[in-house]
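Reader: Hey, I've got this one open on my screen and want to talk it through. Can you take me round it?

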Amino acid sequence: MAGKIKRLLALGAVVLTTAALAWAGSDAQPKASGAPKPVITKAVKGEQCVEDTTIMRRNHMKLLNHHRDETVLEGVRTKKHSLKECINCHASEKTGSVATDKEDFCVSCHSYAAVKIDCFDCHSTKPQGSMAMHPLNAETAHDKQQLSAQADSKAGVEEMAGVAK
């Protein structure tokens with residue numbers, strides 16, 4: 001009896017496999033179109049990015065965070081990995097921004113990867129004069145963020161107030 005069940009299971013597996021292969025090759029089956037790809041527009045300014053494309057795609061946030069920390073916390077100001085310079089090169093000619101339209105440079109890839117962009121909660125998405133910043137004092141905002149991140153427990157109100165002064 002056990003031998004008959006094994007043969008029936010084997011026969012069933014062969015039939016299902018054959019049917020699946022036949023269906024997979026069928027033209028009647030709807031074809032998968034795939035996920036929409038991000039629209040990566042060429043930089044408006046500059047001839048070459050500050051880093052290789054593959055490095056920027058994988059590590060841009062690490063580079064931006066490192067530059068932020070050097071600039072805000074240590075006072076070292078360079079253009080090489082600054083958010084402002086990225087915006088100046090990659091802002092869309094159509095919108096003048098990197099993050100307002102679904103086809104803008106940052107939004108296009110971040111939507112594709114399902115990653116929230118929070119840079120522009122404080123920073124402007126459009127290059128504006130010599131300072132593309134929200135009126136919020138950037139140094140104070142980043143100090144608060146670092147205090148909260150480095151504290152063993154959440155930063156107290158007194159600590160946060162001390163940073164803001």
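Reader: How much surface does the chain expose, and what do carbon and sulfur atoms supply?
Author: The chain exposes about 12500 Å², and 58% of that comes from carbon and sulfur atoms. Areas here come from the Shrake-Rupley method with a 1.4 Å probe, and for residues only the protein chains shown count as cover.

Reader: Where do these coordinates come from, and how are residues numbered?
Author: This is a predicted model: local features need pLDDT of at least 70, side-chain atom pairs count only at pLDDT 80 or more, and totals for chains, interfaces and linings use all residues. Residues are numbered from 1 along each chain as its sequence is written, and side-chain values use heavy atoms, with hydrogens and water left out.

Reader: OK, what share of the residues is buried?
Author: 19% of the 165 residues in the chain. Buried means under 20% relative accessible area, exposed means over 50%, and partly exposed is in between (1.4 Å probe, protein chains only).

Reader: And the secondary structure, how many helices and strands?
Author: Six helices and zero strands, so from the N terminus the order is simply α-α-α-α-α-α. Helices (H or I, at least four residues) and strands (E, at least two) are DSSP runs, numbered from the N terminus.

Reader: α2 looks odd to me. Where is the kink centred?
Author: On Asn-59: helix α2, residues 53-74, has a kink of about 75 degrees there. The bend at a residue is the angle between axes fitted to the seven residues ending there and the seven starting there.

Reader: What follows α2?
Author: Gly-75, with a positive phi near 80 degrees.

Reader: Which residues of α2 are buried?
Author: Met-56, Leu-63, Leu-64, His-67, Thr-71 and Val-72. Leu-64 is in contact with His-81, Ser-82, Leu-83 and Cys-86, leaving aside neighbours within four places in sequence. Contact means heavy atoms within 4.5 Å.

Reader: Is Leu-64 part of something bigger? Which residues make up the largest nonpolar core?
Author: That core has seven residues: Leu-64, Leu-83, Ile-87, Ala-91, Val-98, Cys-119 and Phe-120. A nonpolar core is a set of buried Ala, Val, Leu, Ile, Met, Phe, Trp, Tyr and Cys residues joined through side-chain atoms within 4.5 Å.

Reader: I always check cysteines. Where does Cys-119 lie?
Author: In the loop between α4 (105-113) and α5 (138-150). Cys-119 counts as buried, at 19% relative accessibility. Cys-119 and Ala-99 are 20 residues apart in sequence and 9.8 Å apart in space, C-alpha to C-alpha.

Reader: Back to α3 then. Which of its residues are buried, and what covers them?
Author: The buried ones are Leu-83, Ile-87, Asn-88 and His-90. Their cover includes α2 and α4.

Reader: What does His-90 touch?
Author: Not counting residues up to four places away in sequence, His-90 touches Ala-43, Ser-97, Val-98 and Phe-105. His-90 is buried, with a relative accessible area of 17%.

Reader: And Ser-108, buried or exposed?
Author: Buried, at 6% relative accessibility. Ser-108 lies in helix α4 and is in contact with Pro-38, Val-39, Lys-102 and Glu-103, leaving aside neighbours within four places in sequence.

Reader: Switching to charges. How many salt bridges are there?
Author: Two, where a salt bridge is a side-chain nitrogen of Lys or Arg within 4 Å of a carboxyl oxygen of Asp or Glu. One joins Lys-80 and Glu-51, with the closest N and O atoms 3.6 Å apart. Lys-80 is in the loop between α2 and α3 (83-90) and Glu-51 in the loop between α1 (2-24) and α2, so the pair ties together parts 29 residues apart in sequence.

Reader: What's the other one, and how far apart are its closest N and O atoms?
Author: That is Asp-69 with Arg-68, at 2.9 Å. Asp-69 is partly exposed, with a relative accessible area of 28%, and Arg-68 is partly exposed too, at 22%.

Reader: Last thing, I worry about sticky surfaces. Which residues make the nonpolar surface patch?
Author: Met-1, Ile-5 and Leu-9 make a patch of about 390 Å². Patches are made of residues with over 30% relative accessible area and no salt bridge; like charges are joined within 9 Å, and nonpolar side chains (Val, Leu, Ile, Met, Phe, Trp, Tyr) within 5 Å. Leu-9 is found in helix α1 and is exposed, with a relative accessible area of 60%.
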